[in-house]
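Hello,

Here is the structure I said I would hand over. My notes on the empty spaces and the packing follow below it.

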Amino acid sequence: MARILVTGGTGYIGSHTVVCLMEQGYDVVIVDNLSNSNVEVLDGIEKIVGRRPDFENIDCLDFTNMDRLFDRYTDIEAIIHFAASKAVGESVEKPLLYYRNNIVSLVNLLELMSKHSVHHIVFSSSCTVYGQPDAQHLPVDETAPIQKALSPYGNTKQINEEIIQDTCHANEHIHATILRYFNPIGAHPSAEIGELPNGVPNNLLPFVTQTAAGLREKLRVFGDDYNTPDGSCIRDYIYVLDLAKAHVKAVERMLSGKAEEQVEIFNLGTGRGLSVLEILRTFIKVSGVNVPYEIVGRREGDIEQVWAKPDRANKVLGWKADTPVEDVLLSAWKWEKHLRGIK
Ligand code: UD1
């Protein structure tokens, strides 16, 4: 079976994808500098799969050591590139950190792919490239216009998509799949791996579960005066394990030579939009735990509403995100309880 290089493989989406790849029989080598993850994630993966992935503590910015890695693992057939900085607010404060980390990593990988004859790459992009789509483009499909990024983080995703397009145009041997994620949530049902936010979570679900666990006093709902049915923002929350499975499908499609274009782009979402208040109420219902909250002002830079039209991924990849949101929220709660030692 082929070996897959997974950069950022000890991270949130990366670790779930490594589990899915290994369960399908792939050999995996993870490259991660552990800047936003924990080496114990490898134990979690091993507990779930029964095998331990190879792991190399290397920064993707370090061209020399990445080059040596490709010399050592001559059987790498595809790369899934998750490793990136992802905090929107921090990217506004430290734009050059984001441009360096996110862009140079990809440039290094693409150069090394040519050098070592690795021909397939899956890239983690984001629905952030669509900004706020017009009403006529909701739900949003892959043909919706790309809008000017609202943050350096978002801009790195757009620039990286362009770097991939230009590289593939110049090198017919390189094939790429760009996956535009909507909002990943939840954790592996075993609660052996999940999201490990650093400090105060920026994202909704970790904040909800930490509040339920008593770590935070209350959730702040950012705005109830949006032009949506209940006034709070709408997103397409996708189960992280469903998302992970799409990566396996994307790798299979490229390795089997079925990709019809040199660069294929897929939206990965459920096709269903849920509001912040719907998520909160559903979480309280399924967990049986009260989550205190207050409505506060809008968060700067938030999009009012966006959800996916995932038809292309459904048809072409033969993949669907179909885990009920109740189960997903319970998996997030089980993970939080596991982390905090709550019974
Ligand atoms: C955010 C990023 C996006 C990135 C994604 C990665 C912004 C503006 N966007 O998406 O670029 O790709 O994370 O996961 O930061 N909310 C609250 N209270 C909270 C936290 C969130 O009400 O304490 C609301 C937000 O206003 C939003 C929704 O929950 O309506 C989801 O927020 P979040 O989880 O941060 O995701 P995005 O903003 O969609």
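Tyr12, Gly186, Ala187, Glu195, Pro197, Leu205, Pro206, Thr209, Ala332, Trp335, Glu336 and Leu339 line the largest cavity. Please keep in mind that this is a predicted model. The volume of this cavity comes to about 110 Å³. Helices α7 and α11 each supply at least two of its lining residues, and α11 gives the most, with 4 residues. By class, the lining has 8 nonpolar, 2 polar and 2 charged residues.

The structure holds 2 cavities of 30 Å³ or more. The second largest has a volume of about 30 Å³ and is lined by Tyr130, Pro133, Asp134, His137, Ala144, Pro145 and Gln147. Of these lining residues, 4 are nonpolar, 2 polar and 1 charged.

Next, the second largest pocket. Its volume is about 210 Å³. The lining is made up of Asn38, Glu40, Val41, Asp43, Gly44, Lys47, Glu192, Ile193, Leu196, Trp335 and His338. At least two lining residues come from each of α2 (41-49) and α11 (325-340), and α2 provides the largest share, 4 residues. The class split here is 4 nonpolar, 3 polar and 4 charged. Trp335 is listed in the lining of this pocket and also in that of the largest cavity.

Two buried residues may be of use when you look through the model. His188 sits in the loop between β7 (183-185) and α7. Its relative accessibility is 11%, so His188 counts as buried, the cut-off being under 20%. Leaving aside residues up to four places away in sequence, His188 touches His16, Val19, Ile48, Ile193, Tyr239 and Leu241. Of these contacts, Ile193 is also one of the residues lining the second largest pocket.

Thr211 belongs to helix α7 (residues 204-212) and is buried, with a relative accessible area of 4%. With the same sequence neighbours left out, Thr211 touches Arg216, Glu217, Lys218, Leu219, Val291 and Pro292.

On the nonpolar packing: the largest core has 66 residues, and Ile4, Leu21, Ile45, Leu219, Leu268, Ile279 and Trp319 touch the most other members. Helix α8 (residues 240-255) contributes the largest share of this core, 9 residues. A second, separate core of 29 residues includes Cys60, Leu69, Phe70 and Ile103.

Trp319 has contacts beyond four places in sequence with residues including Ile238, Leu243, Ala246, Leu268 and Ala313. Charged residues are also among its contacts, including Asp242, Lys245 and Lys249.

Regards

Note on methods
Residues are numbered from 1 along each chain as its sequence is written. This is a predicted model: local features need pLDDT of at least 70, side-chain atom pairs count only at pLDDT 80 or more; totals for chains, interfaces and linings use all residues. Side-chain values use heavy atoms; hydrogens and water are left out. On a 1 Å grid over the protein atoms alone, a cavity is a set of points where a 1.4 Å probe fits but cannot get out, and a pocket is an open set with protein on both sides within 12 Å along at least five of seven lines; lining residues have an atom within 4 Å of a point. Grid points are joined across faces, edges and corners, and a volume is the space filled by probe spheres set on the points. Buried means under 20% relative accessible area, exposed over 50%, partly exposed in between (1.4 Å probe, protein chains only). Contact means heavy atoms within 4.5 Å. A nonpolar core is a set of buried Ala, Val, Leu, Ile, Met, Phe, Trp, Tyr and Cys residues joined through side-chain atoms within 4.5 Å.
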